[in-house]
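User: Please take a close look at one part of this model and describe how it is built into its surroundings. I would like a connected account that goes from the pairing of the strands to what packs against them.

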Amino acid sequence: MAEKIVAVKGMNDIFPAESAAWEWLEAHLRELMTLYSYRNVRTPVVEPTALFVRGLGEVTDIVEKEMYSFEDRLNGEALTLRPENTAGVVRAAVEHSLLYDGGKRLYYMGPMFRHERPQRGRYRQFHQFGAEALGFAGPDVDAELILMACDLWNRLGLTGVKLEINSLGQPAERQQHRQALIAYFEAHADQLDEDARRRLHSNPLRILDTKNPAMQALVNGAPRLMDLLGAESLAHFNGLRAILDAHGIAYTVNTRLVRGMDYYNLSVFEFVTDQLGSQGTVCAGGRYDDLIGQIGGKPAPAVGWALGMERILELLKTAQLLPAQPVPDVFAVVPDAVAWPQVSQVLRELRQHGLKVQMHACGPDGMGSMKSQFKKADGSGARYALVFGQDELAQGMVSIKPLRAGEGSLQSSGQRLASLSDCAQWAGTLRA
Ligand code: ATP
Ligand code: MG
């Protein structure tokens, strides 16, 4: 046999045992978006590398070391598999003047690519669902997005997802904070780890995000951006808090919360859980008022979030909240290939009447024995087997056999015969 080809490390195949849960989650998300009047947008998986370098920031983890970037072999273009989709949505909105008649509320879902160390909840191809509100300035829409995520947890039945919020202020305030941070960390240079020393002058804000326990005390004493915010930034933050408070939404203000992309300002937030180990952030976002201008559009405010689908599904699985696998209503047992044309017609008609039908199909060794077909019928989870025996077929009949205990009136009769000509009636009986 030829050597097997395996998937790229950190990129997963999703089979029916799991994909049913994905589809279920996706349906929940779509319904929620409809309730909040967000509309679907689909952008390419591949974008010009410059979009992310300019949009996310040159010294971010993603751009420095996580991007799948390559040169197009045919024309030398610098391309990148999208590591996130906010930049792509903004690029598309700018390119097509989407905001010409006012703000737009959009959502997307799909695969993202980051060259990270694969582990539970962290993959190289992973899936995000994201919502973006472009062209809106107030904290009202920041709150709308946060409430939307809270509604999702409620609808899914997820508990223990905690909200953290912060304000990153405006660029001038961050610049002031940056100077204060550099001065503070320089004064304590002996306590910095290698990562922090590297970031000291390029991205000192990221030092606050350190996971190194030895640096926690130092980081706790660092100057806080919150204390340097001007009146306008504070008003925006307090506006958001007032709406969340009015809803009784619980949150903590985490003054050390920073995000991995440079484009954020004012409100930032994360939803975190302690049930997923160190990959505890399930949804994250914030305001990015300067990004549209940076991508070449007429400046307009914006805010959004993205959630990690794999992490949400993992949470749902842990909490045993995933729906049962779908099962057919009917499994067709076909003893003899002679019956194929007739069986096929009947089954199609049943489907047209809304029944979920699984047909026993011919394998490499033929149709298989009745015993093995019944075993498959049972294993399918179907409620009924339809047995298309030759003798019955010759009389225009089929036998209906209940496969599950307690299948109503049909159970008591065990196996009964029905006339082939009356699919509509059967479909009704079987559905009941
Ligand atoms: P983390 O701190 O976990 O690396 P991040 O800040 O890089 O997350 P974002 O870029 O904000 O994450 O993406 C939003 C969400 O997408 C995250 O909260 C997480 O749920 C999910 N996510 C990010 N990276 C991955 C990944 N490599 N594999 C699976 N999910 C991911
Ligand atoms: Mg990351």
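Analyst:

**Strand β9 and its surroundings**

In this part of the structure, Asn166 has Val268 of β9 as its bridge partner. The model is a predicted one, and the description below should be read as an account of that prediction. The pair belongs to a longer contact between strands, since β7 and β9 pair in the antiparallel sense over six bridges. Val268 is also bridged to β10, where its partner is Gly286. Strand β9, residues 265-272, is joined to strand β10, residues 281-287, by six bridges, and these two strands run antiparallel. Another of the pairs between them links Asn265 to Arg287 of β10. As a general matter, strands of a sheet pair through backbone hydrogen bonds, in either a parallel or an antiparallel sense.

These pairings are part of an open sheet of eight strands, in which the order is β1-β5-β6-β11-β10-β9-β7-β8 and the pairing is mixed. At its edges are β1 (39-40) and β8 (251-253), each of which pairs on one side only.

How many of the eight residues of β9 are buried? Eight of the eight are, so the strand is largely enclosed by the rest of the structure.

Among the helices, α5 (residues 139-156) lies across β9 and β10, and also across β5 (104-113), β6 (125-134), β7 (162-167) and β11 (302-308), running at about 20 degrees to β11.

Helix α10 is a further neighbour, because what covers its buried residues includes β9 and β10, together with α5, β7, α6 (171-187) and β8. The buried residues in α10 are Ser233, His236, Phe237, Leu240 and Leu244. They cover an arc of only 90 degrees around the axis, which puts them on the same side of α10. The face turned away from that buried side carries Ala231, Glu232 and Ala246, which are exposed.

The length of this helix can be checked as well: at 1.5 Å a residue, the 16 residues of α10 (residues 231-246) should span 22 Å, and the end C-alpha atoms are 22 Å apart, which agrees. After α10 comes Gly248, whose phi is positive, near 70 degrees.

Taken together, β9 is bridged to β7 and to β10, while α5 lies across it and the buried residues of α10 have β9 as part of their cover.

How values were computed:
Residues are numbered from 1 along each chain as its sequence is written. Chains are lettered from A and ligands numbered from 1 in the order in which they are written. This is a predicted model: local features need pLDDT of at least 70, side-chain atom pairs count only at pLDDT 80 or more; totals for chains, interfaces and linings use all residues. Side-chain values use heavy atoms; hydrogens and water are left out. Two strands pair if DSSP finds at least two bridges between them. Helices (H or I, at least four residues) and strands (E, at least two) are DSSP runs, numbered from the N terminus. Contact means heavy atoms within 4.5 Å. Axes are lines fitted to C-alpha atoms, for helices over the stretch in contact, and angles run from 0 to 180 degrees between N-to-C directions. The expected span of a helix is 1.5 Å times one less than its number of residues. Buried means under 20% relative accessible area, exposed over 50%, partly exposed in between (1.4 Å probe, protein chains only). The arc is that of the directions from the helix axis to the C-beta atoms.
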